[in-house]
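Please examine the sequence and the structure shown below. The questions that follow ask how each term is justified.

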Amino acid sequence: MKLRVLGCSGGIGGRHLRTTSFLVDHDILIDAGTGVAELSLAELAAIDHVFLTHAHLDHMLALPLLIDAVAARRERPLLVYALAEVIEVLQQHIFNWAIWPDFTCLPNAEQPFVRFVPIEVGSTICLGDRKVAALPVNHTVSAVGYHLDSGKGSLVFSGDMGPSEAFWQVVTDISNLRYLLVECAFSNQECGLAKLSKHMCPRFLAEELRRLDRPCDLFITHLKPGDIERTMLEIKNSLVDFSPEMLQNNQVFEF
Ligand SMILES: [Zn+2]
Ligand SMILES: [Zn+2]
C-alpha cells in the first residue's frame with residue numbers, strides 16, 4: 001500500500017498548512033480535511049472509499065465538496081465508512097438540506113451518489129488484499145484510529161486522541177508494524193487544554209509511548225500552527241527510544 005499525505009496540520013494559516021487527509025493508493029481517503037483540495041478532479045473521482053476517524057470539522061470539512069465535485073463523474077456510490085455515531089452527526093448536521101444536500105438519496109435512494117457504511121471499533125474492512133481496521137482511541141467525541149495492513153507491513157494512524165491504554169495494547173500486537181502516525185496537537189504549555197480536549201502534548205505522548213512495546217518509525221501530526229517548532233523540540237527532548245519526525249505534506253509511505 002502507498003499512503004500520501006495531503007494534509008497533516010492541526011489548523012490553517014497559509015498554503016502549506018492543510019488539515020488531515022491521506023490518500024491511500026488511488027482509491028482510499030483517510031479523513032477529509034482541507035488537504036483534499038490538493039487533488040485534481042480526476043484524482044477525486046477515483047476515490048471509492050473514505051474512512052473518517054471522527055466528525056470534527058478539521059477531519060471532514062472537504063467531504064461535502066468532494067461528493068459534489070465527483071457525483072456526476074462516478075457510476076458507483078462513494079462509500080464513506082465511520083462509526084454509527086459519526087454517521088448520525090454527519091446526517092443530522094451536515095447532509096440535512098440546510099447545510100448541504102442529502103446525497104444518500106440523490107439522484108435517488110436506489111443508486112445514490114454516496115452511501116454511509118457503519119463500522120465498529122475492532123472491525124476490519126478488506127479491500128482486496130488491503131485491510132483497514134478501526135482502532136480504539138480516547139477523544140471528546142466518538143472516534144477511531146486506523147490500522148492499514150498490506151500483508152507485508154502496517155501503518156497506524158491515531159486520528160485525534162488523548163491518553164488511551166486500549167490503543168497502545170492493540171498497536172503493540174501488530175507484528176508487522178512499520179509506521180506510526182500519532183497526533184500531538186499541543187505544546188507542554190497547553191497541557192491543560194490538551195487534557196480537556198483529549199489531545200496529546202509532548203508530556204502525555206512520552207508517557208503513552210512507554211505503553212508501546214514494539215519498534216516502529218514515529219511521525220508526529222496535527223501540530224497547532226504557531227507552536228510547531230516548540231512542540232517538536234519538546235517531543236524530541238522527551239523521547240529517548242524514538243527518533244520522531246514531523247509528518248510532511250506529500251510525504252509517501254510504502255508498506
Ligand atoms: Zn477531533
Ligand atoms: Zn483534529
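**Zinc site, sheet and aromatic pairs**

Q: What makes D58, H59, D160 and H222 the protein donors of the zinc ion (ligand 2)?
A: The atoms concerned are D58 (OD), H59 (NE2), D160 (OD) and H222 (NE2), lying 2.1 to 2.2 Å from the zinc ion (ligand 2). Donors are N, O and S atoms within 2.8 Å of the metal (3.2 Å for Na, K and Ca), and water is not among the atoms, so sites may look incomplete. The model is predicted: local features need pLDDT of at least 70, side-chain atom pairs count only at pLDDT 80 or more, and totals for chains, interfaces and linings use all residues. Residues are numbered from 1 along each chain as its sequence is written, chains are lettered from A and ligands numbered from 1 in the order in which they are written, and side-chain values use heavy atoms, with hydrogens and water left out.

Q: Why is the arrangement around the zinc ion (ligand 2) called irregular?
A: The 4 donor atoms subtend angles of 89 to 162°. Four donors count as tetrahedral if all angles lie between 85 and 135 degrees; four count as square planar and six as octahedral if opposite donors are over 155 degrees apart and all others between 65 and 115; anything else is irregular. The arrangement is therefore classed as irregular.

Q: Which residue bridges the zinc ion (ligand 2) and the zinc ion (ligand 1)?
A: D160 bridges these ions, which lie 3.7 Å apart.

Q: Why are β6 and β14 said to stand at the edges of the sheet?
A: The open sheet has 7 strands in the order β6-β5-β4-β3-β2-β1-β14, with mixed pairing. β6 (114-119) and β14 (252-254) each have a single partner strand, so one side of each lacks a neighbour in the sheet. Strands (E, at least two residues) are DSSP runs, numbered from the N terminus.

Q: How do you know that β1 and β2 pair?
A: Two strands pair if DSSP finds at least two bridges between them. β1 (residues 2-7) and β2 (residues 21-24) pair in the antiparallel sense over 4 bridges.

Q: Why is the pair of F103 and F113 called tilted?
A: The ring centres are 6.1 Å apart and the planes stand at 50°. Rings of Phe, Tyr and Trp (its six-membered ring) pair if their centres lie within 6.5 Å; planes under 30 degrees apart count as stacked, over 60 as edge-to-face and the rest as tilted. The pair of F103 and F113 is therefore tilted.

Q: What makes F103 buried and F113 partly exposed?
A: Buried means under 20% relative accessible area, exposed over 50%, partly exposed in between (1.4 Å probe, protein chains only). F103 has a relative accessible area of 6% and is therefore buried, whereas F113, with 24%, is partly exposed.
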